[in-house]
Amino acid sequence: MKFRKNILCIGAGYVGGPTMAMIAYKCPQYRVTVVDINPIRIAEWNSDDLPIYEPGLGEIVKATRGKNLFFSTDIEGGIRDNDIIFVSVNTPTKTFGAGAGMAADLQYWEKTARQILQYSESTKIVIEKSTLPVKTALAMEKILNYTKNSISFDVLSNPEFLAEGSAIKDLENPDRILIGCQDTKSGLAARETLVEIYANWVPREKIITSNIWSSELSKIVSNAFLAQRISSINAISALCEKTDADIAEVSKAVGMDSRIGSKFLSASVGFGGSCFKKDILNLVYLCQHYSLHEVADYWESVVRINQYQQERFILNMLTTMFNTLAGKRICLFGFAFKANTGDTRESPAIYITKRLLEEKAEIVITDPKALKNAKADLTGMEGQVSFVEDPYKAAEGCHAIAILTEWDVYRNLDFQKIFNTMTKPASIFDGRNIIDHKRCFDIGFNVYPTGKPALTHS
Ligand SMILES: NC(=O)c1ccc[n+]([C@@H]2O[C@H](COP(=O)([O-])OP(=O)(O)OC[C@H]3O[C@@H](n4cnc5c(N)ncnc54)[C@H](O)[C@@H]3O)[C@@H](O)[C@H]2O)c1
């Protein structure tokens, strides 16, 4: 069969895999290939055990794989044979040299640009899907168009706004698609090609365009705003705990103001995930670079409050459990950074586990989808940490449960059954405010919600 377009994506991660699966699913007339340097990841994409968990992902991969969706390690062939190339490689925070701990590490990104240049035999449209600092597209265009041969490259910015855990829903029905391009004849033509792809299933009015720099910056700012709301409500949760106000009541009252809105106003143990912290730090670095120090400080405080919230959670456990956790068994309900994903990158659970181990506690971790990643995150700590899939078994003999991920399954557990097997006094620290606190208190638990009065049997 002859396909109308041949599309390549470099980077088969949490973004590249699902976004390309959605394009293939919605556009059977296109051939979509996803390549990666990691052969294990590609083998998993080609198996029944996909490398990432997302509700609904398995179904659309099953419907398209081998028909118009292909996963491969042949990066060279992929670049040669496709004229539309999405780049969705990782852009983590730099850990070395200038800007370490703040700036984006662009080594994977630049390597990809050089590979595209090396293997291209025809003109290409290159689409930034990775989240990148402002002006990266310009740098890529410079690398790509350096040789001044007959092949030309147009670079577009098309940031991805999906949220892990609801990626398929977000991709199928996005709030908006943003495409940034250069204001040149070929830039505008390239943009139209990309608009055409999305228009197969996204209403035209949701496909918005801008200049490249606005597009790059909008993605970072969106994540900064989302994280800022979480840090704002978490900061107020600390005040609630001191004043006997209830954060859920405050959130409800504040969120009903239509100017504010109700989303992202749930107090918690803090945000995680691979993006929020790195994108804010990237924003902070950019502001510092342009000597906007007050702006940089403002955004950096969002990350500081997130750290503070996690530390507060630990200190609350310590002080309420008689100032010692040494030898106590603590069960973590959830290790993923949020529900409906197995992703544990930057999960508060990692920090909390390490801090609890410093206090010489014994840790039992349970999670419906993230135990494999949790084991990898905690390599070298196997003796002090155990991993148990069944939450009832995990809690057996424990002094406390800390709820760290808002998995639905934890809302409806039989807490009486759990209480019966735990060491007394048994405590629950609800870092997500998802369980029925009063009921657990009535069963006999000491209950410590986030931003609400504690319920304790003194
Ligand atoms: N995860 C999210 O929720 C999310 C959402 C929106 C945007 N983003 C952004 O999308 C980008 C990708 O994020 P992710 O979570 O998918 O990362 P990821 O680490 O899951 O995937 C990146 C993949 O790129 C591959 N890769 C790296 N260099 C390569 C190269 N030269 N050639 C081929 N493959 C290469 C890696 O092996 C890896 O499999 C990042 O910039 C991130 O900030 C992520």
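**Exercise 1.** Which helix gives the largest share of the shell around the ligand? Describe the shell in this predicted model.

*Solution.* Begin with the helix: α5, residues 107-119, supplies three residues of the shell, the largest share. Next, consider the residues that come nearest to the ligand: of the 27 around it, these are Gly11, Gly13, Tyr14, Val15 and Ser130. Finally, sort the shell by class: eleven residues are nonpolar, eleven are polar and five are charged.

**Exercise 2.** State the strand order of the six-stranded open sheet and explain why β11 and β14 each have one side without a neighbour in the sheet.

*Solution.* The order is β11-β10-β9-β12-β13-β14, with parallel pairing. Strands β11 (385-387) and β14 (446-448) stand at the edges and have a single partner strand each, so one side of each lacks a neighbour in the sheet. On average, neighbouring strands are turned by 20 degrees against each other, direction ignored. For one pair in detail, take β13 (residues 427-430), which is joined to β14 by three bridges; here Ile428 stands opposite Val447 of β14. Helix α12 (residues 293-320) packs on this sheet and touches β12 (400-403), β13 and β14.

**Exercise 3.** Determine how helices α11 and α12 are arranged relative to each other.

*Solution.* The angle between α11 (residues 276-289) and α12 is about 165 degrees, and their axes lie 8 Å apart. Since angles over 145 degrees count as roughly antiparallel, α11 is roughly antiparallel to α12. Their crossing is left-handed. Residues making the contact include Ile280 and Leu281 of α11 and Val295 and Trp299 of α12. By class, this contact has ten nonpolar, two polar and two charged residues.

Note on methods:
Residues numbered from 1 in each chain as written. Predicted model: local features only at pLDDT ≥ 70, side-chain atom pairs only at ≥ 80, totals over all residues. Near = placed C-beta within 6 Å. Helix = DSSP H or I, 4+ residues; strand = E, 2+ residues; numbered from the N terminus. Nonpolar A, V, L, I, M, F, W, Y, C, P; charged D, E, K, R; others polar. Pairing = 2+ DSSP bridges. Axes fitted to C-alpha atoms, helices over the stretch in contact; angles between N-to-C directions. Contact = placed C-beta atoms within 7 Å. Parallel < 35°, antiparallel > 145°, perpendicular 65-115°, else oblique. Left-handed = near helix turned anticlockwise from the far one by under 90°.
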